[in-house]
Every structure is written in structure tokens, then in C-alpha cells.
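Biologist: Before we begin, might I ask for guidance on how to read a model of this kind, feature by feature?
Modeller: Certainly; let us place the structure before us and take its features in turn.

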Amino acid sequence: MQPLKVDGERLWQSLMDLARIGATPKGGVRRLTLTDLDRQGRDTFVQWARAAGMTIRIDAIGNIFARRAGVDDSLPPVMTGSHLDTQPSGGKFDGAYGVMAGLEVVRRLNDLGIRTRAPIEVAAWTNEEGSRFVPTMMGSGVYASVYAVGEMLAQKDVDGVSVGEALKSIGYQGDAKPVKVGAYFEAHIEQGPVLENTGTTIGAVQGALGQRWFDVEVTGQDSHAGPTPMELRRDALLAASRLVVETNRVACTYPDNARATVGHMRVAPNSRNVVPGAVNMTLDVRNAKDETLLAMVEDLRRSAAKIAAETRCTIDVKEVLYFAPSHFDPKLVESVRASARALGLSCRDIVSGAAHDAVYLNRIAPTAMIFVPCEGGLSHNELENARPDEIAAGASVLINAMVAAAVVAEAAQAA
Ligand SMILES: [Zn+2]
């Protein structure tokens with residue numbers, strides 16, 4: 001069979017239409033989870049899915065599942081999806097692409113009269129971004145039993161509104177029970193620069209980096225910047241700065257896609273003529289392999305102890321998050337590569353530096369992701385952009401991989 005191709009223009013148009021909901025003057029989208037704008041985005045997706053002949057289920061955390069029946073509807077669905085919520089100053093593609101690509105898969109199967117043995121489902125997961133309510137990837141986390149639904153419904157935003165209240169007010173609290181998922185695919189923009197820099201259209205995602213986050217508290221002593229001789233200081237900012245340099249060294253010397261970042265620092269008393277006595281900072285360490293991740297952290301802890309001794313400060317390193325590296329299903333990843341090959345698209349293996357809903361689905365079902373380039377690697381930004389031909393290419397890879405997993409039962413006309 002010839003590889004299938006989606007209707008790239010229709011997909012692009014749907015993305016642009018969806019991006020009008022919550023559009024910002026700079027060309028981005030602000031559609032925070034469980035707001036009225038999110039409701040409008042959800043309503044639009046549901047309306048389009050129904051128009052494509054799909055049935056809708058909504059679960060207790062507000063995840064939406066649009067289903068295209070299979071010839072054997074008792075088989076576990078082959079699922080795809082992503083999220084419709086955005087960051088406060090987000091773009092048109094992060095999340096929306098995965099949902100619209102899934103919808104386009106169904107529309108195209110309808111065009112061609114192809115029926116699959118297993119049902120096909122397109123999911124829109126609640127609160128992937130985690131900017132209004134923590135944690136991130138809440139809906140897929142509940143689906144994969146990482147989080148208890150009751151606890152998640154009780155999470156509150158800064159105004160004291162709970163997830164449960166917000167869900168009810170937009171009319172998206174349902175009672176659908178989770179179903180066994182046969183296979184899960186997610187198409188997403190890369191949100192990084194690798195595909196664009198290497199001139200590659202498709203990233204076959206092998207998994208996502210593991211993450212360890214820390215809060216670091218450096219304590220020295222405030223003292224006068226003039227009378228305190230250098231050798232008698234206990235400069236917390238000097239200690240913190242040395243730890244920043246060590247963080248960079250560790251990330252640059254370890255293998256397996258090592259990354260390490262100090263993204264936030266608070267200096268006290270933060271005054272021009274006072275030797276800083278206290279620094280609070282964050283530390284974000286990532287790696288594709290759990291043992292390398294641990295080795296990086298141990299190296300950083302040794303560095304911190306050495307710096308503390310040399311600067312006569314104390315450095316307290318407290319772990320606040322651990323997220324194991326994920327490895328996607330080798331057969332599905334190969335199916336993504338094979339679909340790209342059949343379509344004549346350039347493809348390379350890639351590891352996701354960010355977490356996605358797919359990371360949680362991977363815990364309960366065979367999972368793979370498809371990355372397409374985004375301009376300048378820019379995401380979580382109003383200027384986030386992607387090329388229409390590459391957006392279409394990713395969805396064409398998706399349709400072939402999904403059809404391979406769901407198995408064609410009948411085709412009314414040739415592709
Ligand atoms: Zn996303």
C-alpha cells in the first residue's frame with residue numbers, strides 16, 4: 001500500500017482557526033487551562049470531532065476522548081492526542097498540534113473510506129502546562145494513575161479556585177472510566193533546535209530525559225563590603241556562583257544528553273555594599289539514563305561540599321522533584337521511522353528534553369512520539385512558529401503509524 005498523506009492545508013487551517021481562541025497581539029495564544037477560553041477551545045475540538053463522525057467521552061478530570069469506531073470496537077483503541085491549554089504567553093502549536101493532527105488523521109481516513117480494525121481515539125488532556133494549577137500533565141497523570149483524581153480536583157489556583165470548581169464551571173467534568181489503550185502516539189513540535197539545525201523533518205522520539213530538581217540554600221554571613229577583608233568573608237554569592245560553574249561543567253562533561261541549569265537565584269540582602277550572606281537557588285539536572293543522572297547529582301553534591309568548605313558557607317541541597325527517564329516502545333518508534341522512510345522524509349532519532357503527556361501514557365501503553373521542527377527551536381513563546389509542510393509531514397507520519405497499529409480492515413478507495 002502507498003503511504004497515506006494528510007490534507008496539510010486543512011490541518012493548517014484548523015490550527016490557525018483554533019489559535020484565534022485566546023489570540024494575543026504578538027501572534028501567540030493565551031488559553032490557560034479550565035478558563036472560558038479553554039472551554040471555547042474544547043468546544044471547537046468537540047464540534048469538529050463530532051462533524052467527523054466521532055463520539056465524545058469526558059472523564060472526571062476533564063480529559064476529552066473523541067472516538068472513531070473500529071470494525072472490532074471491542075479492541076483497545078489506538079490513541080493519539082496532546083493538549084489544548086497553553087502557557088500564559090504561549091504559541092499556536094505546542095499541544096494544539098498533537099490534537100489537530102489526530103483530528104486530521106480521522107478526517108483523512110474518512111475521506112479515503114478507510115476503516116481500521118481497532119478504534120481510533122484522539123485525546124485532549126487537561127492541564128498539561130501546569131501554569132494555572134500544579135502539577136503539569138495533570139490529566140494524563142490521572143489517566144495513568146500517577147495522581148489520585150480527588151487530590152487533583154482539590155488543587156487550587158492563585159485565586160483559590162479549585163480544579164473541580166473550574167471544571168464544573170466550564171462544563172467539562174464527566175464520568176467516563178479509563179479504557180485500556182492499545183498504542184499511544186503524540187505529534188508535537190520539538191520545542192528545541194536540533195531538527196531545524198540538522199535540516200531534518202521528523203524526529204523519532206526515543207524517550208524523554210529524566211529530571212531531578214533541587215532547591216539549594218547557601219548560607220554565609222552578611223558583612224560590610226569595605227572593612228571585611230577577603231580572607232575573612234563568608235560570601236554566599238561567591239559559593240553559589242562557583243556552584244553555577246560546576247553545574248555547567250557537569251552538564252558539559254557527562255554523556256547521555258546531560259543538561260543542568262540554575263534558572264533562579266535570590267540573593268540576600270542584595271545590597272551594593274554588603275557581602276551577601278544568603279542565596280536561594282534552583283538546580284535542574286536532566287539525563288537520558290538514570291544511572292548517569294544519579295552520577296551527575298552525586299558529582300554536584302561533592303562539588304557543593306567542597307565549595308562550602310572552601311568558602312566557609314553551608315550549602316543545603318534539597319531534592320524537590322524526581323522524574324525517571326522514559327523509554328518509548330521500540331516497535332512503535334520503529335514504526336514512526338518506517339512511516340517517515342515510506343514518505344521519503346528525513347528522520348533522526350531524538351530524545352525529548354521536555355516531558356509530555358506521552359511520558360505518562362508510556363507507563364500504561366506502548367507509546368511513541370513524532371517531533372517536527374519549530375522555528376529557531378522557540379516554544380512557550382508567542383513567536384513559536386512552524387512550517388506548514390513540516391506540520392503536514394508529521395501528521396502524515398502519524399496517520400501511517402496509527403493505521404499500522406490499528407490495522408486496515410477495509411479501504412473504499414486507493415490512497
Ligand atoms: Zn506541549
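**Reading the metal site and its surroundings**

Modeller: In sequence, the residues that donate to the zinc ion follow the spacing H-x10-D-x93-H. Please bear in mind throughout that this is a predicted model.

Biologist: Which atoms coordinate the zinc ion, and at what distances?

Modeller: One reads a metal site by naming its donor atoms and then locating the residues that carry them. Here the zinc ion is bound by NE2 of His 83, OD of Asp 94 and NE2 of His 188, at 2.0 to 2.3 Å. His 83 belongs to strand S3 (residues 78-83), while Asp 94 sits in the loop between S3 and helix H3 (96-112), so this pair ties together parts that are 11 residues apart in sequence.

Biologist: Is His 83 buried or exposed? And is Asp 94 buried or exposed?

Modeller: The reasoning needs a cut-off: a residue counts as buried when its relative accessible area is under 20%. His 83, at 0%, is therefore buried. Asp 94, at 6%, is buried as well.

Biologist: What does Gly 95 touch, leaving aside residues up to four places away in sequence?

Modeller: Gly 95 touches Ser 82, His 83 and His 188 on that count. It is found in the loop between S3 and H3, and its relative accessible area of 0% makes it buried. The C-alpha atoms of Gly 95 and His 83 are separated by 4.4 Å, although the two residues are 12 apart along the chain.

Biologist: Let us turn to the interior. How many residues does the largest nonpolar core have?

Modeller: One reads a core by its membership and by the residues that make the most contacts within it. The largest nonpolar core has 94 residues, and those with the most contacts inside it are Phe 45, Tyr 97, Met 100, Phe 185 and Ile 391. A second, separate core has 26 residues, including Ala 251, Ala 260, Val 285 and Ile 315.

Biologist: Which residues does Met 100 touch, not counting those up to four places away in sequence?

Modeller: Met 100 touches Leu 11, Ser 14, Leu 15, Leu 18, Phe 45 and Trp 48.

Biologist: How should I read the packing of H2 and H3, and at what angle do they pack?

Modeller: One takes the angle between the axes, then their separation, then the residues that meet. Helix H2 (residues 36-51) packs with H3 at an angle of about 15°, and their axes are 10 Å apart. That angle makes H2 roughly parallel to H3, and the crossing is left-handed. Phe 45, Trp 48 and Ala 49 in H2 meet Val 99, Met 100, Leu 103 and Arg 107 in H3.

Biologist: At roughly what angle do the axes of H1 and H12 cross?

Modeller: Helix H1 (residues 8-19) and H12 cross at roughly 105°, with axes that come within 9 Å. H1 is therefore roughly perpendicular to H12. From H1, Gly 8, Leu 11, Trp 12 and Leu 15 meet Pro 388, Ile 391, Ala 392 and Ala 395 in H12.

Biologist: And how do the axes of H10 and H12 stand to each other, at what angle?

Modeller: The axes of H10 (residues 330-342) and H12 (residues 388-406) come within 9 Å and cross at roughly 125°. The two helices are therefore oblique to each other, and H10 passes H12 in a right-handed crossing. Ser 335, Val 336, Ser 339 and Ala 340 in H10 meet Val 397, Asn 400, Ala 401 and Ala 404 in H12.

Biologist: Finally, the backbone. Which residues does the cis peptide bond with omega of about 0° join?

Modeller: One checks omega for cis bonds, and the sign of phi for unusual residues. A cis peptide bond joins Val 134 and Pro 135, with omega about 0°; Pro 135 lies in the loop between strand S5 (120-125) and helix H4 (138-143). The bond from Ala 268 to Pro 269 is also cis, with omega near 0°, and Pro 269 lies in the loop between strand S11 (265-268) and strand S12 (274-275).

Biologist: What is phi of Met 137 near?

Modeller: Phi of Met 137 is near 55°, a positive value in a residue other than glycine. Met 137 is found in the loop between S5 and H4, and at 2% relative accessibility it counts as buried. His 380 likewise has a positive phi, of about 50°, although it is not a glycine. His 380 lies in the loop between strand S17 (367-372) and H12, and at 42% relative accessibility it counts as partly exposed.

Conventions: Residues numbered from 1 in each chain as written. Predicted model: local features only at pLDDT ≥ 70, side-chain atom pairs only at ≥ 80, totals over all residues. Heavy atoms only, no water. Core = buried A, V, L, I, M, F, W, Y, C linked by side-chain atoms within 4.5 Å. Buried < 20%, exposed > 50% of the residue type's maximum accessible area, 1.4 Å probe, protein only. Contact = heavy atoms within 4.5 Å. Donors = N, O, S within 2.8 Å, 3.2 Å for Na, K, Ca; no water. Helix = DSSP H or I, 4+ residues; strand = E, 2+ residues; numbered from the N terminus. Axes fitted to C-alpha atoms, helices over the stretch in contact; angles between N-to-C directions. Parallel < 35°, antiparallel > 145°, perpendicular 65-115°, else oblique. Left-handed = near helix turned anticlockwise from the far one by under 90°.
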